[in-house]
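Reader: I should like to understand how terms such as "exposed" or "core" are justified for a particular structure. Would you take me through the reasoning?

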Amino acid sequence: MKKLKLFAAISTAFVCFFSCAYAFAQADPAVKVTAWGMHQGGWVVYKYQVKNLGTLPLDDFSIGFYPPTATADGAAELNVGPYYPGGTSLWLPPSVSQSPAGWGVYLDFPEESATFSLRWVEGGHYRSMWPGARESEIPIAQNPPNIMPPGASWDQFSVTLPRPDYAYVQGHAYMFYGDKELTVLMEKGDTTLPTLTLSLSPATLSPPSGNLVPIIPAITVNDDYDPSPEIKLESITANEPLADGDIQDAQFGTDDRSFSLAAKRADTNPAGRTYTVTYSATDASGNKATANATVTVPYN
Amino acid sequence: MPVPVATCTYTKVADITDPVAKLYEDGTYSNTKPDIEHLTPVTQAGLACIQQKVAATNCYMTPQPTSGYRPTAYQTHILEVYDKWQLIKDDNTSACAETKAAIQKEFNKHSRFARRPGVTSNHSQVDAQGNPAGEAVDIPFVPDDTNASADAIACQCDMYRPLINMPDPKDNDLVHYQPRTCPR
């Protein structure tokens, strides 16, 4: 009997140990960051929603960074490019960024690094870190303080880029929460593919005269977040070998909506020639949809 | 029998005494405001030249340096900050709470640490008299979609990037420029 009780106690402890460990691993982080992107007026805007789900205030966090561990280096995840307007400061101006009142955002470079993270800080907190810093260089109003309280959900964080960069929606967010370093994977707010429809005109090339015929694609695209996903002509293939010049003026990898196809077919192919044209639509969060349409050169 | 008093075995980060390093610590210099004044004149000229050439061809911006002269005393300081935080970060005892808070504040005011910082480099050189004479500057925003463009611009300015194409790609430093007469 004693052995049975001992076995039951050990089993309970064993189960509890693993369930508790599982619960810890599954526990929601104290801060959740959701990111999504959208094309706007020729630019790409990446927006961030920060939810403070814990019990402590938040006044400083980075996106695009994770710290080193005991066995591996960390990394800044955002690539340097000709992204931001010049000036004498690495603080981002309002023309390419948005922050809640009393907050600002700057590029934070780990030493000797070609990559950076974006670090949003509350003005009072920044001043407390650098009490001797030159006031004129801090583009954050002195007052009022605006520390993010527990339970708050703010979405006034954004940056504007000249072109899509999906690293801005799929990296890490890093911060101090109380006296603990907290690293969370950003959640992609937009995981739905755009809807893309494609038709080609004319859809039939007849007679098979060998002439080049201009093809006009009709494309419609919709997305739940991005008002104008990026359209690209991906490929044009055929069900029979093509000769040089059968496809003219097609700029693959661009939003090319004007190309020509030869009204030709092989004499030995009773099915006729079928060109398959593929376009893609990619939203600013990196969700990519493709659509095909065909142009046929019938045998008869 | 006396009750033993818990003491923290960790110590706070030492105060900086080096006068130039102090300017980093008080925020006068940082990666948003690197120390260009204590670079050698040749390095300063190379930086200005790269900025001018990039601005002339890049409608977006003039590239801003993120690191200039960094005194060895400051490098030693940030290494101490990094190491002490790694030691104390998982300590949750009340005896160490004050020390931990002080180290955390130091750690958090610096740029993010992606790895353990080094102590010596061409950023920290001094001249024969011991005066600051840094010979390296980090310039992240030179367009480098192809490395050749960054190197071509550097060459026109008698600068080069010594730390590219390293045996371990992890050790590549694409933003680190030093003076060198470019073969013409």
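**From values to terms**

Author: In this predicted model, the C-alpha centres of domain 1 of chain A and domain 2 of chain A lie 42 Å apart. Domain 1 covers residues 28–188 and domain 2 covers residues 195–297.

Reader: How many residues does each domain contribute to the contact between them?

Author: The contact takes 9 residues from domain 1 of chain A and 9 residues from domain 2 of chain A. On the side of domain 1, strand β1 (residues 31–40) of chain A gives the largest share, 4 residues. That side divides into 6 nonpolar, 2 polar and 1 charged.

Reader: Why is A:P149 called exposed?

Author: A residue counts as exposed if 12 or fewer other C-beta atoms lie within 10 Å of its own. A:P149 has 10 such atoms, and it is therefore called exposed. This proline is found in the loop between α2 (123–129) and β10 (153–161) of chain A.

Reader: Which residues does A:P149 touch, not counting residues up to four places away in sequence?

Author: A:P149 touches A:N52 and A:P57. By contrast, A:P149 and A:Y166 are 17 residues apart in sequence and 29 Å apart in space, C-alpha to C-alpha.

Reader: What makes B:P162 partly exposed?

Author: The class "partly exposed" lies between two limits: exposed residues have 12 or fewer other C-beta atoms within 10 Å, and buried residues have 20 or more. B:P162 has 13, so it falls in between and is called partly exposed. B:P162 is found in the loop between β2 and β3 of chain B. Measured by position in the chain, B:P162 and B:D173 are 11 residues apart, while their C-alpha atoms are 8.3 Å apart in space.

Reader: Which strands form the sheet of chain B, and why are some of them said to stand at the edges?

Author: The sheet is open and has 3 strands in the order β1-β3-β2, with antiparallel pairing. β1 (137–138) and β2 (159–160) of chain B each have a single partner strand, so one side of each is left without a neighbour in the sheet, and they stand at its edges. Helix α2 (residues 41–57) of chain B packs on the sheet, touching β1, β2 and β3 of chain B. The direction of this helix makes about 125° with that of β3(B).

Reader: How do you know that β2(B) and β3(B) are paired?

Author: Two strands pair if at least two bridges are found between them. β2(B) and strand β3 (residues 176–179) of chain B have 2 bridges, so the condition is met, and the sense is antiparallel. Within this sheet, B:Y160 stands opposite B:Q178 in β3(B).

Reader: What makes up the largest nonpolar core?

Author: It has 54 residues, and those touching the most other members are A:V33, A:A35, A:Y46, A:F61, A:L118, A:W120 and A:A173. Leaving aside its neighbours within four places in sequence, A:F61 is in contact with A:V50, A:W120, A:A173, A:Y174 and A:M175. A second, separate core of 19 residues includes A:A114, B:F141, B:A154 and B:C157.

Reader: How many residues does each chain bring to the contact between chains A and B?

Author: Chain A brings 33 residues and chain B brings 34 residues. On the side of chain A, β5 (75–76) and β8 (103–108) each supply at least two residues. The residues of that side divide into 19 nonpolar, 7 polar and 7 charged.

Terms used
Residues are numbered from 1 along each chain as its sequence is written. Chains are lettered from A and ligands numbered from 1 in the order in which they are written. This is a predicted model: local features need pLDDT of at least 70, side-chain atom pairs count only at pLDDT 80 or more; totals for chains, interfaces and linings use all residues. Two residues are in contact if their C-beta atoms, placed from the backbone, lie within 7 Å. Axes are lines fitted to C-alpha atoms, for helices over the stretch in contact, and angles run from 0 to 180 degrees between N-to-C directions. Ala, Val, Leu, Ile, Met, Phe, Trp, Tyr, Cys and Pro count as nonpolar, Asp, Glu, Lys and Arg as charged, and the others, Gly among them, as polar. Domain bounds come from an automatic or database domain assignment. A nonpolar core is a set of buried Ala, Val, Leu, Ile, Met, Phe, Trp, Tyr and Cys residues joined through C-beta atoms within 7 Å.
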